[in-house]
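Student: I've got a new model on screen and I'd like to talk it through. Let's take it one question at a time.

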Amino acid sequence: MIRIDAVCHGIGGQPILRDVSLEIGKGGIVALVGPNGAGKSTLLSLIARLQPLQTGRITVDGHVIGQVRDDVLARTLAILPQHLDVASRLSVRDLVGFGRYPYHKGRPTPQDLVRVDAALAAFELDDLAARALDTLSGGQRQRAFVAMAYAQDTDYLLLDEPLNNLDIAASRGLMHRLRDLARQDGRTVVIVLHDINYAAAYADRIVALKSGRVVADGAPGAVVTDAFLRTVFDTDATVAHVQGRPMVCV
Amino acid sequence: MRLRLVGLSAVLGLCMLGYLVIGARGDWGFVLAFRGQKLLALLLVGVAIAWSTLIFQTLTGNRILTPAIMGFDALYMLGLGLLIWVLGVPAYLAIPPQVMMLGNVALLCLGALGLFGLVLRANGRDLMRLLLTGVVLSVLIRSLTGFLMRVIDPNEYAVLQGAAFARFSNVDPDLLTIAGGITAICGIAIWRMRHRLDVIGLGPDLALSLGEPGPRSRRAVLLLVSLLVAVSTALVGPVTFLGLLVTNLTYLLFPTHRHAVLLPATGLVAGIVLIGGQGLLEHVMGLTTPLSVVIEAVGGLSFLVLLLRMLR
Ligand SMILES: Nc1ncnc2c1ncn2[C@@H]1O[C@H](COP(=O)(O)OP(=O)(O)OP(=O)(O)O)[C@@H](O)[C@H]1O
Ligand SMILES: [Mg+2]
């Protein structure tokens, strides 16, 4: 369980998150949506202790963020940040292999190698395994980073806009994979999405942020409405219903 | 890669052998002892500069900045100047050089952790800002040292001046043991960190999410860098571009991110450049140009080339 308690965050006097409280239970996909600059990435990086917490309290499975050892948390929670710049000389296999580092600390066991192969296969990277990152297309790179977080094999997975640059097949493939993780293995996936349709189709719960506040929270069918799009995103797109699911007409 | 490492070791072995025996005349025992000492010093300096540069570049995530370009050795000279200024030359010369060096090392570690810790924290891995801050800092430190040189009296000036120029040919033998000790300790610490360094090279966010605490590893790396820079500066004076030359040669020869390979490789390349170069100059060509001048010229040029390539 991720418990976020009265978290406020400001940068240079500018409030970014205002009194955010959320409970994310174990198992399932939670989609975090909201307009640009709403504070989604900031919230994820606070949960993953990539930025120091200013006020409030966050716990992940009872581990208090800011107090728990970094290597313990690395076996509990993995994050895919929105912006990554990594030395390009790495091969895809090396990058994905780093996902196992929290377990083997530099000395991979045969099981670790098996996991890496599985992660490569899961994101259709087998053919690209030996390629250097800087020779890949944007979507291929993105898939490699997702595979790395996947290989970390943690109970909690935070993904910041993983569908960036992915084509429709890769996007659906990734979302199916995440749904399997959530349904079959009881993993918890928190995922930032901009495409409300993907959120509505795959998430068990949608949480919307706007100007650093939680403005909507619930099952996709209940949350995604015309009024929701108008108040949260200030857009007059309408919502249709297809196969019992809300669908935004863009 | 393993083959290349073996090949490099063989080349280094040849260089060492050549350095010891080429052009040797007279009493062999004396020649070998004398040259052996210098060889050891060159090896120490080579490893210290190579490893400090490599781990600094891993920490900052680029291949252009080196501790020397950021002004680490300038900071060492400033500390030395301050000591001479505060103590006066007679007291300075009365203190055993080993004690002096330890004091200097401590000063540098404090200064570097404070100053460069702050710079790195403020600029992260933004190369351009780091480069600018580093260059400005090192100019500032160098001018402070220059200012100090002007206000102290001529005797003190001469002592400081003597320490301020790179010299590979006459190394202070008194310092060898202590320098060797510090290098060995740092070397062991760095070798044990080799897997962590691989992860640190991924950048602060990924490293942290894989469980490598950012501030702690930054402090550890900076401390090791300061110790090694202090060792090499105390032994041969400031050398600006050797580290850059050696690491980039290594990156060319060994296209990998793994420090288990890069560490031995840079050490070997540094040894070959220093010992081979010094042997050539000293024993084959008869020492007309100091090696430091050659290295700074070649290293400086490659710095320019790298910068231009990066800006393109
Ligand atoms: N380093 C920073 N300095 C100043 N402001 C920042 C900084 N980082 C983020 N912000 C501000 O914080 C707010 C929230 O940013 P955040 O990245 O969390 O938004 P987001 O919801 O992830 O947006 P997006 O959908 O565009 O990724 C934005 O207004 C942004 O301008
Ligand atoms: Mg974002």
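Tutor: First, a term we'll need: a helix here is a DSSP run of H or I with at least four residues, numbered from the N terminus. Also keep in mind that this is a predicted model.

Student: What phi does A:Arg49 take, just after helix 1 of chain A?

Tutor: As background, most residues other than glycine have a negative phi. A:Arg49 sits just after helix 1 of chain A, and its phi is positive, at about 50 degrees.

Student: How many residues of helix 1 of chain A are buried?

Tutor: Buried means under 20% relative accessible area. A:Lys40, A:Thr42, A:Leu43, A:Leu44, A:Ser45, A:Leu46 and A:Ile47 make that list. A:Ser41 counts as partly exposed, because its relative accessibility is 27%. The helix is mostly covered, then, and the count of buried residues out of its eight is seven.

Student: Which protein atoms are donors of the magnesium ion (ligand 2)?

Tutor: One comes from helix 1 (residues 40-47) of chain A and the other from the loop between strand 6 (77-80) and helix 3 (92-98), so the pair ties together parts that are 41 residues apart in sequence. They lie 1.9 to 2.1 Å from the ion, and they are A:Ser41 (OG) and A:Gln82 (OE1).

Student: And is A:Val7 buried or exposed?

Tutor: Start with its place, which is in strand 1 (residues 2-11) of chain A. Leaving out residues up to four places away in sequence, A:Val7 touches ten-odd names you can click through, including A:Leu17, A:Val20, A:Leu46 and A:Ile58. Its relative accessible area is 0%, so A:Val7 is buried.

Student: What separates the C-alpha atoms of A:Val7 and A:Leu53?

Tutor: A:Leu53 is among the residues that A:Val7 touches. Along the chain the two are 46 residues apart, yet their C-alpha atoms are separated by 8.0 Å.

Student: Over to chain B. Are helix 2 and helix 12 of chain B roughly parallel or antiparallel?

Tutor: Helix 2 (residues 28-60) and helix 12 (residues 214-236) of chain B pack at about 150 degrees, with their axes 9 Å apart. Angles over 145 degrees count as roughly antiparallel. That makes helix 2 of chain B, relative to helix 12 of chain B, roughly antiparallel.

Student: How many charged residues are in the contact of helix 2 with helix 12 of chain B?

Tutor: B:Leu44, B:Trp51 and B:Phe56 are among those on the helix 2 side, meeting residues of helix 12 that include B:Arg218, B:Leu228 and B:Val236. The contact has 18 nonpolar and two polar residues, and the charged count is one.

Student: At what angle does helix 2 of chain B cross helix 9 of chain B?

Tutor: This crossing is left-handed. B:Trp51 and B:Ile55 of helix 2 are among the residues meeting helix 9, where B:Gly180 and B:Ile190 are among the partners. By class, the contact has 10 nonpolar, four polar and no charged residues. The axes come within 10 Å, and they cross at roughly 35 degrees.

Student: Last one: is A:Asp234 buried or exposed?

Tutor: A:Asp234 is in the loop between helix 10 (226-233) and strand 11 (238-242) of chain A. Its phi is positive too, near 55 degrees. Over 50% relative accessible area means exposed. A:Asp234 has 60% relative accessibility, so it counts as exposed.

Note on methods. Residues are numbered from 1 along each chain as its sequence is written. Chains are lettered from A and ligands numbered from 1 in the order in which they are written. This is a predicted model: local features need pLDDT of at least 70, side-chain atom pairs count only at pLDDT 80 or more; totals for chains, interfaces and linings use all residues. Side-chain values use heavy atoms; hydrogens and water are left out. Donors are N, O and S atoms within 2.8 Å of the metal (3.2 Å for Na, K and Ca); water is not among the atoms, so sites may look incomplete. Helices (H or I, at least four residues) and strands (E, at least two) are DSSP runs, numbered from the N terminus. Buried means under 20% relative accessible area, exposed over 50%, partly exposed in between (1.4 Å probe, protein chains only). Axes are lines fitted to C-alpha atoms, for helices over the stretch in contact, and angles run from 0 to 180 degrees between N-to-C directions. Angles under 35 degrees count as roughly parallel, over 145 as roughly antiparallel, 65 to 115 as roughly perpendicular and the rest as oblique. Contact means heavy atoms within 4.5 Å. Ala, Val, Leu, Ile, Met, Phe, Trp, Tyr, Cys and Pro count as nonpolar, Asp, Glu, Lys and Arg as charged, and the others, Gly among them, as polar. A crossing is left-handed if the near helix is turned anticlockwise from the far one by less than a right angle, and right-handed if clockwise.
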